[in-house]
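Q: Please take a close look at one part of this model and describe what is there. Where it helps, set it against its wider setting.

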Amino acid sequence: MSVISSWNLTISLNTTLSLSWRSSLPSRAIFPRPKKPKTLVVLAIALGAKPTVLVSEKLGDAGIQLLKTFANVDCSYNLSPEELCTKISLCDALIVRSGTKVTREVFESAMGRLKVVGRAGVGIDNVDISAATEHGCLVVNAPTANTIAAAEHGIALLTAVSRNVAQADASVKAGKWERNKYVGVSLVGKTLAVMGFGKVGSEVARRAKGLGMQVIAHDPYAPADRARAIGVELVSFEEALTTADFISLHMPLTLATSKMFNDEAFSRVKKGVRIINVARGGVIDEEALLRALDSGIVAQAALDVFTEEPPPQENKLVRHENVTVTPHLGASTTEAQEGVALEIAEAVVGALKGELAATAVNAPMVPAEVLLELSPYVALTEKLGRLAVQLVAGGSGVKFVKVTYASARGPDDLDTRLLRAMVTKGLIEPISSVFVNLVNADFIGKQRGLRLTEERIVLDGSPEKPLEFIQVRIANVESKFASAISNSGEITVEGRVKDGKPHLTKVGSFGVDVSLEGSIVLCRQSDQPGIIGKVGNILSEENVNVNFMSVGRIAPGKQAVMTIGLDEEPSRDALKKIGEITAVEEFVFLKL
Ligand SMILES: NC(=O)c1ccc[n+]([C@@H]2O[C@H](COP(=O)([O-])OP(=O)(O)OC[C@H]3O[C@@H](n4cnc5c(N)ncnc54)[C@H](O)[C@@H]3O)[C@@H](O)[C@H]2O)c1
Ligand SMILES: O=C(O)[C@H](O)COP(=O)(O)O
């Protein structure tokens, strides 16, 4: 590990000058963290107001009951896109399954009120994630409760196609008895290619092995040891196509997987292959599949999912003799639906309370114990961002921001995503009307041309605290308070957490010490007796309570920076009077 060192100039309240050398230590062991989970209010709704949750598709009763303990629940199924857009501006959360398209228009129509979209299931391809992120809306899903149901449905379709169950059933019901027509194929000893070796894919593989099949899998992101553990070989797309007798699809619908099974892919499969799709309709080019079925390249297909759902009446695949279809039933077992409903209700309620969800799709998942430990630093970083940006002179534009984290912990033992988001929030919110949270911070920062870089200083000292101090610097700008520009030419503010509260400890090159609450007056004056009294008198005449005051100076009799923490906001008149004190060279009023 590299050793980073820095000189730190500290001028304390009683104006003694101290110069300390900080040096780094190699990474320390991970220290015990507080156990109690803590909530972090990043998305929380206004205190006291009962949130409204719109449930737009059938959800298991256990989930509805749980939602009702916390929110007003509006179960409105079969809404048209227009009706959904109209309703959404009155809702704090929306719960959907795969049948509701949560488009950009939905987020725009919400006008900032929608805080969470809960997908009661796995696939989030029906939710416009970019639009959600841009609107600061958290998306959570329920990724585990329907895995087994989907895997079982995959196996049901696999066995059904191998023995023509659906076709034979229809034939018997039509009064026929066609025993020769519906001779099937055996599964034992056949090769099954599982495409997408995630939760569902691996459960399908496990079950297929139990049926005596040879199972291979294609998944560019799956760990080989997980596959090996259940006796499955990971292979290339090409090998999967060319060796499989059966192909079962279990990947998400993404830009990369869209129409992955197209004419080209079908030209390379073994003649007579059978395909099962319980993933998403869009991973197959449906026209190409029809051609492959008609030419006999694909002997049979079993489809639970379609590009358009429900598929149009005239859909030729649905009507094809060699295709078995179900209406997106993969997750539809009583057990899975109750599980999914509870899983999503818990995630949505948690998110509305301000907790970070373990199943967040568009935000970092920060474990509860890390949140608890970081929470005072979250407040500190936001306030440092707010202070720094208010020190920028009008018209300068904020672009280059550096955040320095000084800690005795090793870099791998400090997750700064949350802190970075809060600096961004502090920098942007005072100068705009946008709402910044953990979900959209990086996006909004980028959109506004903010180039935020992070730096670690590894300190000698106790690693029990996650951070010793945090510094926020803005480069290439003028300041309305010249003393805020440090020797390196950047607006610099530095703070630390003392007794669980955020404190400002440095402005420019001046050491200060003020609790970051209420608002602040920063004042540079020539160091002489009586100034503190004069400023104090002006504020007390206005009944403005001073909660903290600190003076840092370069040397006795030279310049000093006075930092005054205020409970109330002083009038313009009082601020003007402070500026008129002869020894005061510059001052600035900052809101936290
Ligand atoms: N029909 C249903 O009712 C139903 C029910 C549950 C899940 N699903 C669908 O099944 C799919 C899998 O769900 P899951 O819970 O197993 O998800 P998962 O995220 O656990 O697994 C998906 C796997 O696909 C892999 N993958 C990604 N891109 C790939 C590519 N280009 N080629 C091959 N593999 C790729 C990923 O690495 C991952 O391992 C999803 O599309 C989901 O929406 C459908
Ligand atoms: O992705 C999923 O979880 C499944 O496709 C289930 O979708 P559903 O909730 O609409 O049944």
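A: **The surroundings of ligand 2**

By class, three nonpolar, five polar and three charged residues make up the shell around ligand 2. Here Ala, Val, Leu, Ile, Met, Phe, Trp, Tyr, Cys and Pro count as nonpolar, Asp, Glu, Lys and Arg as charged, and the others, Gly among them, as polar. The model is predicted: local features need pLDDT of at least 70 and side-chain atom pairs pLDDT 80 or more, while totals for chains, interfaces and linings use all residues. Residues are numbered from 1 along each chain as its sequence is written, chains are lettered from A and ligands numbered from 1 in the order written, and side-chain values use heavy atoms, without hydrogens and water.

The residues around ligand 2 (those with a heavy atom within 4 Å of it) are Arg97, Ser98, Arg119, Ala120, Gly121, Val122, Gly123, Asn146, Arg280, His328 and Ala331. Some of them make polar contacts (a pair of N or O atoms within 3.5 Å; within protein, one must be able to donate a hydrogen and the other to accept it, and residues adjacent in sequence count only if both atoms are side-chain atoms). The side chain of arginine 97 has an N or O atom 2.8 Å from an oxygen atom of ligand 2. For valine 122 a polar backbone atom is involved, 2.6 Å from an oxygen atom of the ligand. Histidine 328 places a polar side-chain atom 2.6 Å from an oxygen atom of ligand 2. On its own, ligand 2 exposes 310 Å², and the protein buries 90% of that (Shrake-Rupley method, 1.4 Å probe; for residues, only the protein chains shown count as cover).

Histidine 328 also leads to ligand 1: an N or O atom of its side chain is 3.4 Å from an oxygen atom of that ligand. Aspartate 219 has a side-chain N or O atom 2.6 Å from an oxygen atom of ligand 1, and glycine 330 has a backbone N or O atom 3.3 Å from one. Ligand 1 has 850 Å² of accessible area on its own, and the protein covers 88% of it. It is surrounded by 26 residues, of which the closest are Lys199, Val200, Asp219, Val278 and Asp304. That shell divides into 13 nonpolar, nine polar and four charged residues.

As for the whole chain, its C-alpha atoms fill a box of roughly 110 × 50 × 40 Å along the principal axes. Of its 592 residues, 52% count as buried (under 20% relative accessible area, with over 50% exposed and partly exposed in between; 1.4 Å probe, protein chains only).
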